[in-house]
Amino acid sequence: MRDHQVRGVRPRAAALAACALAVTLVAAGATPAYAAADTERPTAPGPITVVAVDTTWIELTWAAATDNVGVVGYPVSARFEDTGAHYSTDTTSIRITGLRPSRTYVFSVAAVDAAGNRSLSDPTLRVTMPPGDDQPPGAPGQPVAYDVAATLVWLRWAHSVENVALDRYEVFRVDAGGTLTRVSEVYQYPPRNSTQISGLTPNTRYTFVVQARDEAGHLSPLSVPVTVTTLPPPPSCAVRSTVAQWPDGLVARLLVTNTGSTAIDGWTMRWRFYAGQQLRSLWGAEVVDRDSSYLRVRNVRHNALIPPGGTVSLGFVATGSQTPEEVTLNGGVCVVAAE
């Protein structure tokens, strides 16, 4: 039993002695490479050079950075005004696509090593892309005022014809003497060809024109002007509604009275109408538009004028059970009474 214990202790003692020898060697200066952390930054890459460029892409190169261990990659950025994109490559060149003609980009390149250290004072290069468009857009279509109120108007127009890409539409008010005052900018991502002009004066005549601008900065001719007269201040009104409902729908008849002292010549009404409802028919008015919560209609030819104390009638058939509520006439809130 004693011999067995001695034999078990001797190998352990030998292992301990070997560890002590290794510790002695490390203490004497023999530091293994893996034990030292890399905290040294790579040098900055060399100046950036344009190898090739077209209207929507560019190829760049630069001199390699150096590092005490080794450079593993080059982060590259491309900035235009306050937007930018980031790329990466493990070589000393890169081809960047998806750029825009005529835009001025600032490109920068850094170097990183395997420990994540990043170079400082990295080179940058400012490049204006070649123009990809030498033609201005065509004139937008004549604006149409499809909704007019006392202090605002909605305009829409046919799109300009453009050979590359539109950037925006600019809407101008034509003041006395032909002076143009920009009142709206409509950007083209995604393309839109309508806008709301607000802050207008009730019962006032305005003229508007539209101009298109493409991504190269070319301007179209001005559109044919449109002249609009805003409505008088919102009228006072009262609505009496008669509603007949059945399990999956309703019929509503509305009698609208002008309770103000000024005649209403042309009107737009809006009332609560949820997205789940379907409009089956409408009389005494025509639909302007609808969203998820409201239906908006306007007068037909025979009932545009409502004198003080006068009334007009309209009605509709729809699915659902929501009766007309939150009714407005030319922006004025109507008092609603159900019968």
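1. How many bridges join strand E16 to strand E26, and in which sense, parallel or antiparallel, do the two strands run? In this predicted model, strand E16, covering residues 237-246, is joined to strand E26, covering residues 332-338, by five bridges, and the two strands run parallel. A single pair of residues helps to locate this register in the viewer, since serine 241 has alanine 338 of E26 as its bridge partner.

2. The pairing of E16 with E26 belongs to a wider arrangement, an open sheet of nine strands whose order is E20-E24-E17-E16-E26-E25-E19-E22-E21. The pairing within this sheet is mixed. At its edges stand strand E20, residues 279-283, and strand E21, residues 286-290, each of which pairs on one side only.

3. Elsewhere in the chain, strand E6 (residues 104-109) deserves a separate look. Four bridges connect E6 to strand E3 (residues 71-80), and these two strands run antiparallel; within that pairing, serine 77 stands opposite serine 108 of E6. E6 also pairs with strand E8 (residues 124-128), again in the antiparallel sense, here over five bridges, and threonine 104 stands opposite threonine 128 in E8.

4. Turning to charged side chains, the whole structure yields 11 salt bridges. One of them pairs glutamate 59 with arginine 95, with the closest N and O atoms 4.0 Å apart, a value to be read beside the criterion, which asks for a nitrogen within 4 Å of a carboxyl oxygen. The two residues come from distant parts of the chain, glutamate 59 from strand E2 (residues 58-62) and arginine 95 from strand E5 (residues 93-96), 36 residues apart. Glutamate 59 has a relative accessible area of 25% and is therefore classed as partly exposed, and arginine 95, at 47%, is also partly exposed.

5. A second salt bridge joins arginine 168 to glutamate 185, where the closest N and O atoms are 3.0 Å apart. Because arginine 168 lies in strand E11 (residues 166-174) and glutamate 185 in strand E12 (residues 180-187), the pair ties together parts that are 17 residues apart in sequence. The environment of the two partners may be checked separately: arginine 168 counts as buried at 18% relative accessibility, whereas glutamate 185, at 30%, counts as partly exposed. Both residues take part in a network of salt bridges that links Asp167, Arg168, Glu170, Arg182, Glu185 and Arg213.

6. A third salt bridge brings the text back to the nine-stranded sheet. The side chains of glutamate 286 and arginine 298 meet at 2.9 Å, N to O. Glutamate 286 lies in strand E21 and arginine 298 in strand E22 (residues 294-298), so this pair ties together parts that are 12 residues apart in sequence. Glutamate 286 is partly exposed, with a relative accessible area of 35%, and arginine 298 is partly exposed as well, with 30%. Strand E21, which holds glutamate 286, is one of the edge strands of the sheet.

7. Which residue's backbone oxygen does the side chain of glutamine 211 reach? The side chain of glutamine 211 reaches the backbone oxygen of serine 220 at 2.8 Å. Glutamine 211 is found in strand E14, residues 205-214, and its relative accessibility is 14%, so this residue counts as buried.

8. Enclosed space is limited to one cavity of 30 Å³ or more, and the largest cavity has a volume of about 40 Å³. Its lining consists of Pro101, Asp133, Glu162, Val164, Ala165, Glu215 and Ala216. By class, that lining holds four nonpolar and three charged residues and no polar ones.

9. The open space should be treated apart from the cavity. The largest pocket holds about 320 Å³ and is lined by 17 residues, with Asp147, Ala149, Leu152, Arg296 and Gly331 lying nearest its centre. Strand E9 (144-148) and strand E19 (268-272) are the elements that give two or more residues to this lining, and E19 supplies the largest share, three residues. The classes in the pocket lining are eight nonpolar, six polar and three charged residues. Strand E19 also appears in the open sheet, where it stands between E25 and E22 in the order of strands.

Definitions and conventions
Residues are numbered from 1 along each chain as its sequence is written. This is a predicted model: local features need pLDDT of at least 70, side-chain atom pairs count only at pLDDT 80 or more; totals for chains, interfaces and linings use all residues. Side-chain values use heavy atoms; hydrogens and water are left out. Two strands pair if DSSP finds at least two bridges between them. Buried means under 20% relative accessible area, exposed over 50%, partly exposed in between (1.4 Å probe, protein chains only). On a 1 Å grid over the protein atoms alone, a cavity is a set of points where a 1.4 Å probe fits but cannot get out, and a pocket is an open set with protein on both sides within 12 Å along at least five of seven lines; lining residues have an atom within 4 Å of a point. Grid points are joined across faces, edges and corners, and a volume is the space filled by probe spheres set on the points. Ala, Val, Leu, Ile, Met, Phe, Trp, Tyr, Cys and Pro count as nonpolar, Asp, Glu, Lys and Arg as charged, and the others, Gly among them, as polar. A polar contact is a pair of N or O atoms within 3.5 Å; within protein, one must be able to donate a hydrogen and the other to accept it, and residues adjacent in sequence count only if both atoms are side-chain atoms.
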